Each structure stands twice: as C-alpha cells, then as structure tokens.
Amino acid sequence: MPSLVGSEMCIRDRGLCLLRISVLVYLGVLLSVAYFTLMERKCLRSIGVRLGPDKTSVGGFAQPVTDGAKLLTKEFVAPSNAVKIIFLLVPCVSLFLCFVG
C-alpha cells in the first residue's frame, strides 16, 4: 500500500483532519484569550487601576493557569426550587445553538 502524505492523507481521513484542526484552533483561542487577559491586567496595573498579576509567579505567566484552576474548583450553586437538569441543560443548549446557527 502506498504511503499517503500531506493533502492526500487529509482527503482520505477528512474527519480526523478536521478534528485535529478544530482542536488546534480551539486551543489557540483559549491560550490567546488567557494571555490577553494577562496583558490587560498588566496594562491596568501600570496605569494604577489595580494591583498586578505578578503574585503567582515570575512575571505573572502562571496567572492564567491559576485563573483556570479557580474556575474549575468553584462550587456549583443552583436555586433550591429549580429543576436541576433543566438548570444545567439550558446554557448548554443555547451555546450549541450559537455554534450551529
């Protein structure tokens, strides 16, 4: 069997190629947003609006990682009289509709 390289492989395994590209784009966007937030914090610190992000590491480069850890460890709070499954599904459905539409 001849080896497939480059665009021929991408044509043959189109789904896998699309998945790889999607994951790379998704990770790129996540990283750029995280470090754009770091840049924004440093700029706000320099004009004196808030304290800087240099408390977590040298130069604050671990600040996006600590922000992500804080986000993942937050407690889930739902209203006591809400239907829990609907309370969880509605944001997921609206996000899905944003991506599809």
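A residue counts as exposed when its relative accessible area is over 50%, as buried when that area is under 20%, and as partly exposed in between. In this predicted model, L31 has a relative accessible area of 53% and is therefore exposed.

**Overall architecture**

The protein has four helices and zero strands. Read from the N terminus on, its elements follow the order α-α-α-α. Buried residues make up 7% of the 101 residues in the protein. The protein exposes about 8700 Å², and carbon and sulfur atoms supply 72% of this area. Among the contacts with a separation of 6 or more, 18% are accounted for by residues 24 or more positions apart.

**Helix α2 and what follows it**

The exposed residue L31 belongs to helix α2, which covers residues 14-46. How far apart are the end C-alpha atoms of α2? They are 48 Å apart, and this agrees with the expected span, because the 33 residues of α2, at 1.5 Å a residue, should span 48 Å. In an α-helix there are 3.6 residues a turn, so residues three or four places apart point the same way. Just after α2, G48 adopts a positive phi of about 85 degrees.

**Pairs of residues apart in sequence**

The loop between α2 and α3 contains F61. Is F61 buried or exposed? Its relative accessibility is 53%, which is over 50%, so F61 counts as exposed. Leaving aside residues up to four places away in sequence, F61 touches Y35 and L38. Helix α3 spans residues 63-72, and G68 is found in this helix. With a relative accessible area of 28%, which lies between 20% and 50%, G68 is partly exposed.

The table lists C-alpha separations for three pairs of residues.

| Pair | Residues apart along the chain | C-alpha separation |
|---|---|---|
| L31 and P64 | 33 residues | 8.6 Å |
| F61 and M39 | 22 residues | 9.9 Å |
| G68 and A34 | 34 residues | 8.9 Å |

The pair L31 and P64 links a residue of helix α2 with a position 33 residues away along the chain, at a C-alpha separation of 8.6 Å.

**Helix α4 and the nonpolar patch**

Which residues make the nonpolar surface patch of about 880 Å²? The patch is made by V83, I85, I86, L89, V90, V93, F96, L97 and V100. One of these residues, L97, lies in helix α4, which covers residues 84-100. At 52% relative accessibility, L97 is over the cut-off of 50% and therefore counts as exposed.

**Cysteines**

A disulfide is a covalent bond between the sulfur atoms of two cysteines. How many disulfides does a search of the whole structure find? The search finds zero disulfides. Cysteine C43 has a relative accessibility of 43%; this value falls between 20% and 50%, so C43 counts as partly exposed. C98, at 61% relative accessibility, is over 50% and therefore counts as exposed.

Conventions:
Residues numbered from 1 in each chain as written. Predicted model: local features only at pLDDT ≥ 70, side-chain atom pairs only at ≥ 80, totals over all residues. Heavy atoms only, no water. Helix = DSSP H or I, 4+ residues; strand = E, 2+ residues; numbered from the N terminus. Buried < 20%, exposed > 50% of the residue type's maximum accessible area, 1.4 Å probe, protein only. Expected span 1.5 Å × (residues − 1). Disulfide = S-S within 2.5 Å. Contact = heavy atoms within 4.5 Å. Areas by Shrake-Rupley, 256 points an atom, 1.4 Å probe, with all protein chains shown as cover. Patch = residues over 30% accessible without salt bridge, like charges linked within 9 Å, V, L, I, M, F, W, Y side chains within 5 Å. Salt bridge = Lys/Arg side-chain N within 4 Å of Asp/Glu carboxyl O.
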